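Hi everyone, thanks for making time. I'd like to walk you through a few helices and a few backbone angles, so let me put the structure up.

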Amino acid sequence: MARRVVVLGGGFAGLESAFLLRHRLHDDVHLTLVSDDNTFLFRPNTIYVPFGADPDQFRVPLREPCDRQGIELVHARAVGIDVAARRVHLSSSSNLSFDDLIVATGAAMRPSEIPGLADFGNPIWTPHDMQQLGRSLTETIARARAGQVSRILFLIPPNNKCAGPLYELVFMVDTHLRREGVREAIELVWTTCEHAYIQAFGPKIDEVVEGEFQERRIVGYRDWEVVEVLEDRVRYRNGEEIPYDLLVAFPPYVAAVDFDGLPTDDRGFIRTESPSRSVLGVEGIYAPGDAGDFPVKQAFLAFLQADAVAEDIIGAVRGKPPRIAFDPVSMCVMEQFDKAVFAQVPLRLTGDPQRPVEVRPDAGSDYRVGVSPAWRLGKKMLGFYLPMRFRAGEPFHAGSAWTMMELGLKGMSGVLSH
């Protein structure tokens, strides 16, 4: 009989693992995808929404690729897991039995951890949040043209697990304001609890961001931990206060779904064995991507984790060791509108809660960072390639298309980074 694999979640990790399992195992696996959304949202490109992009263009309907690949699609929420009985309980009051379960239900935001943040901050998480930010920017620009000086404050609080998109937005806002001819009337200020800019990605990216801040006259503060947000200012643990006219923040992360019976950390993220992303002490259940406990939540890392999960299941079906394990080498391209930043960062866990990951000391030339207008092409390539693959029901990291994409990125990184 075909192995029954149930995948919870229609995001990066869920779809990558499902499509790769079908790609490699064909009819030897019966796949069921459970998603509470009938579309996949390519969230990295929602950074363009505040500047006029339609968020619907970043959505991929799930029905067609699932039908094409013979994957049963169930539109529901997973509300419980019976580990002993090997069943998932759904919001539709039905159950699904499984041999293997992939919990890829992702992360959520909890702005309420910071007093006042939910009331006065503009978060960046959903397309609705991004549209609201766009309206706020339009109002700020109108006031600047009327002669009013404003301050936009960007804020990274503790327990944020992926600060990169907010860094993209501060640079994009700077470029946008310059093009609108109002940059001189709008001050941009950045505060982060991180010890270094984009702390997880090491000293090279910190140096690049600091240089960009100086060039763009963005006032930046590291090691500033927010304790309270008021209607017109933010208070920090060091006793400082910063007034603002518009506050843009990336709130603290928590697990999107908390499943009883699975081991979790204090934020609800599922504890896993790093190489396979299998749940600690629970056979046949996996937690790739943002639902798991890897401390950096990022799309490319989610793909790598999903691939490791799929390979572990494939190995069990074929009676062979898995071909790969999770190797956390992050890759990202950060938009700035006038240019972009590329980073390839081999990471390792430290065991230190304050600095849970670091660049591997022996990374050598595998640790690369570059800034160039040409990297905007790399961003556009990825933004086209991934939705195209998922629309076809194909995994990100497989086939001749990925081979060509990888060669292109490696070629660019060899020339445009160091």
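**Helices and positive phi values**

Let me begin right after helix α1: the next residue is H26, and its phi is positive, near 55 degrees. Keep in mind that this is a predicted model.

Now α1 itself, residues 12-25. With 14 residues at 1.5 Å each, we should expect a span of 20 Å, and the end C-alpha atoms are indeed 20 Å apart, so the two agree. How many of its residues are buried? The count is 12 of 14, so the helix is mostly covered. Among the buried ones are F12, L15, F19 and L25, and also E16 and R22.

Next, a helix pair. α4, residues 127-145, packs on α5, residues 164-180, at an angle of about 35 degrees, and the axes are 12 Å apart. The crossing of α4 past α5 is right-handed. On the α4 side the contact uses M130, L133, L137, I141 and R145, while α5 brings L169, V173, H176, L177 and E180. Sorted by class, that makes 7 nonpolar, 1 polar and 2 charged residues.

Back to phi, for my last two residues. Most residues other than glycine have a negative phi. N159, in the loop between β12 and α5, has a positive one, near 70 degrees. R217 sits in the loop between α6 and β14, and its phi is positive too, about 60 degrees.

Are these two buried or exposed? N159 has 32% relative accessibility, so it counts as partly exposed. R217, at 44%, is partly exposed as well.

Key. Residues are numbered from 1 along each chain as its sequence is written. This is a predicted model: local features need pLDDT of at least 70, side-chain atom pairs count only at pLDDT 80 or more; totals for chains, interfaces and linings use all residues. Side-chain values use heavy atoms; hydrogens and water are left out. Helices (H or I, at least four residues) and strands (E, at least two) are DSSP runs, numbered from the N terminus. The expected span of a helix is 1.5 Å times one less than its number of residues. Buried means under 20% relative accessible area, exposed over 50%, partly exposed in between (1.4 Å probe, protein chains only). Axes are lines fitted to C-alpha atoms, for helices over the stretch in contact, and angles run from 0 to 180 degrees between N-to-C directions. A crossing is left-handed if the near helix is turned anticlockwise from the far one by less than a right angle, and right-handed if clockwise. Contact means heavy atoms within 4.5 Å. Ala, Val, Leu, Ile, Met, Phe, Trp, Tyr, Cys and Pro count as nonpolar, Asp, Glu, Lys and Arg as charged, and the others, Gly among them, as polar.
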